[in-house]
Amino acid sequence: MVARKNVVNYEDSRQKRLEENKKRMEELKLTVLAHSLRTISTPKPSPMKKVNRTPRKPVDLSAVRRSNRVADKPPANYKEVPIEPLGIRRSYGKSVRDLSNRVYASYEDREYATGRADELHSTLESDFPSFVKPMLQSHVSGGFWLGLPVHFCKSYLPKRDEVMTLVDEDKAEWKTRYLPRKTGLSGGWKGFAEDHKLADGDALVFQLIKPTVFKVYIIRVNEAEDSEEA
């Protein structure tokens, strides 16, 4: 009986709360508001505008737009060119120098010529700067390029390209081109080397007697053989 009584009391209190909530909703007009929200219809989407699309024209690849700078020039040709096989030397119409007959000085002969050049260098006037330059094969054959001591070039020689005059012991003169960026003699040095028949191992003493004039003394490497025979 007690359990049944509790159920009845619960139902009564529940029904009472529902009636109170309904009365409050009517006072706040929530029922009308909920009904109006349900009746509001969603707006219909606007129909898409039809766009009349014109078909694309095919691109004419034969007439590619070019810059005004190259418009008057023939179009570039990207056709593959066969690569020359390795191992085949291309001929440019010039004869190749035969360097097989080069003669290299022995270490002893080279040291002898350089020692004699040092002795001569020590006897020159100190008012005129000078230096000793032993000759290598690259100086007297092939490239004919003569590199000079860097410290000497930066201290005494012109700061821009200049014509340097080489004067030998017979007072004959040769014009050469001095390149300060490479600190060496280029054009004209070949003529001096060939005219004096310079060889590997020769030792030269360069004495700067004027800003653009070198006095050149030549010590021959083959003089060492002559001294041994004597």
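I began with burial, taking a residue as buried when its relative accessible area is under 20%. By that cut-off 27% of the 230 residues of the protein count as buried. The model is a predicted one, and I read every entry below with that in mind.

**Overall layout**

I went through the secondary structure and found seven helices and seven strands, which follow one another along the sequence as α-α-α-β-α-β-α-β-β-β-α-β-β-α. I then looked up the contacts between residues at least 6 apart in sequence, and 55% of them join residues at least 24 apart.

**Nonpolar cores**

Which residues have the most contacts inside the largest nonpolar core? I noted Leu148, Leu157, Trp189, Leu198, Leu204, Phe206 and Phe214, in a core of 24 residues. At least two residues of this core come from each of H5, E3, E4, H6, strand E6 (203-210) and strand E7 (213-219). I also recorded a second core, separate from that one, which has nine residues, among them Ala113, Ala117, Ala203 and Val205.

**Leu157**

I turned next to Leu157, which sits in the loop between helix H5 (150-156) and strand E3 (162-167). Buried or exposed? Leu157 counts as buried, because its relative accessibility is 4%. Setting aside neighbours within four places in sequence, I listed its contacts as Leu148, Phe152, Met164, Tyr178, Leu208 and Phe214. I also checked Leu157 against Pro211: the two are 54 residues apart in sequence, yet their C-alpha atoms are 6.8 Å apart in space.

**Trp189, Phe192 and Trp174**

For the aromatic rings, I kept in mind that a pair is described by the distance of the centres and the angle of the planes. With ring centres within 6.5 Å as the criterion, the count comes to eight aromatic pairs. In one of them, Trp174 and Phe192, the centres are 5.5 Å apart and the planes stand at 90°, so I entered the pair as edge-to-face. Trp174 belongs to strand E4 (residues 173-179) and Phe192 to helix H6 (residues 189-195), so this pair ties together parts that are 18 residues apart in sequence. Both residues of the pair are buried.

Phe192 also pairs with Trp189, and this second pair is stacked, with 5.5 Å from centre to centre and 25° between the planes. Why are Trp189 and Phe192 separated by about one helical turn? I put this down to their positions, because they are three residues apart in helix H6. Trp189 is buried, with a relative accessible area of 0%, and for Phe192 I again noted buried at 0%.

I then listed what Trp189 touches, leaving out neighbours within four places in sequence: Met135, His139, Phe144, Trp145, Leu146, Leu166, Thr176, Leu198, Leu204 and Phe206. Elsewhere I traced a cluster in which ring pairs link Phe131, Phe152, Tyr156, Phe206 and Phe214.

**Positive phi**

Most residues other than glycine have a negative phi, so I looked up the exceptions. Thr183 has a positive phi near 45° and is located in the loop between E4 and strand E5 (184-185). Its relative accessible area of 13% puts Thr183 among the buried residues. Lys197, which is not a glycine either, has a positive phi of about 50° and lies in the loop between H6 and E6. I checked whether Lys197 is buried or exposed, and with a relative accessible area of 67% Lys197 is exposed.

**Thr114**

I placed Thr114 in helix H3 (residues 107-123). Thr114 is buried, with a relative accessible area of 18%, and I noted this value because the limit is 20%. Beyond residues up to four places away in sequence, Thr114 touches Pro134 and Ala203, and Ala203 is one of the residues I had entered for the second core.

**Second largest pocket**

My last entry concerns the second largest pocket, which holds about 180 Å³ of space. Which residues lie closest to its centre? I noted Val103, Ala199, Asp200, Val221 and Asn222, out of 13 residues that line this pocket. Sorting the lining of the second largest pocket by residue type, I recorded five nonpolar, two polar and six charged residues.

Note on methods: Residues are numbered from 1 along each chain as its sequence is written. This is a predicted model: local features need pLDDT of at least 70, side-chain atom pairs count only at pLDDT 80 or more; totals for chains, interfaces and linings use all residues. Side-chain values use heavy atoms; hydrogens and water are left out. On a 1 Å grid over the protein atoms alone, a cavity is a set of points where a 1.4 Å probe fits but cannot get out, and a pocket is an open set with protein on both sides within 12 Å along at least five of seven lines; lining residues have an atom within 4 Å of a point. Grid points are joined across faces, edges and corners, and a volume is the space filled by probe spheres set on the points. Ala, Val, Leu, Ile, Met, Phe, Trp, Tyr, Cys and Pro count as nonpolar, Asp, Glu, Lys and Arg as charged, and the others, Gly among them, as polar. Helices (H or I, at least four residues) and strands (E, at least two) are DSSP runs, numbered from the N terminus. Buried means under 20% relative accessible area, exposed over 50%, partly exposed in between (1.4 Å probe, protein chains only). Contact means heavy atoms within 4.5 Å. Rings of Phe, Tyr and Trp (its six-membered ring) pair if their centres lie within 6.5 Å; planes under 30 degrees apart count as stacked, over 60 as edge-to-face and the rest as tilted. A nonpolar core is a set of buried Ala, Val, Leu, Ile, Met, Phe, Trp, Tyr and Cys residues joined through side-chain atoms within 4.5 Å.
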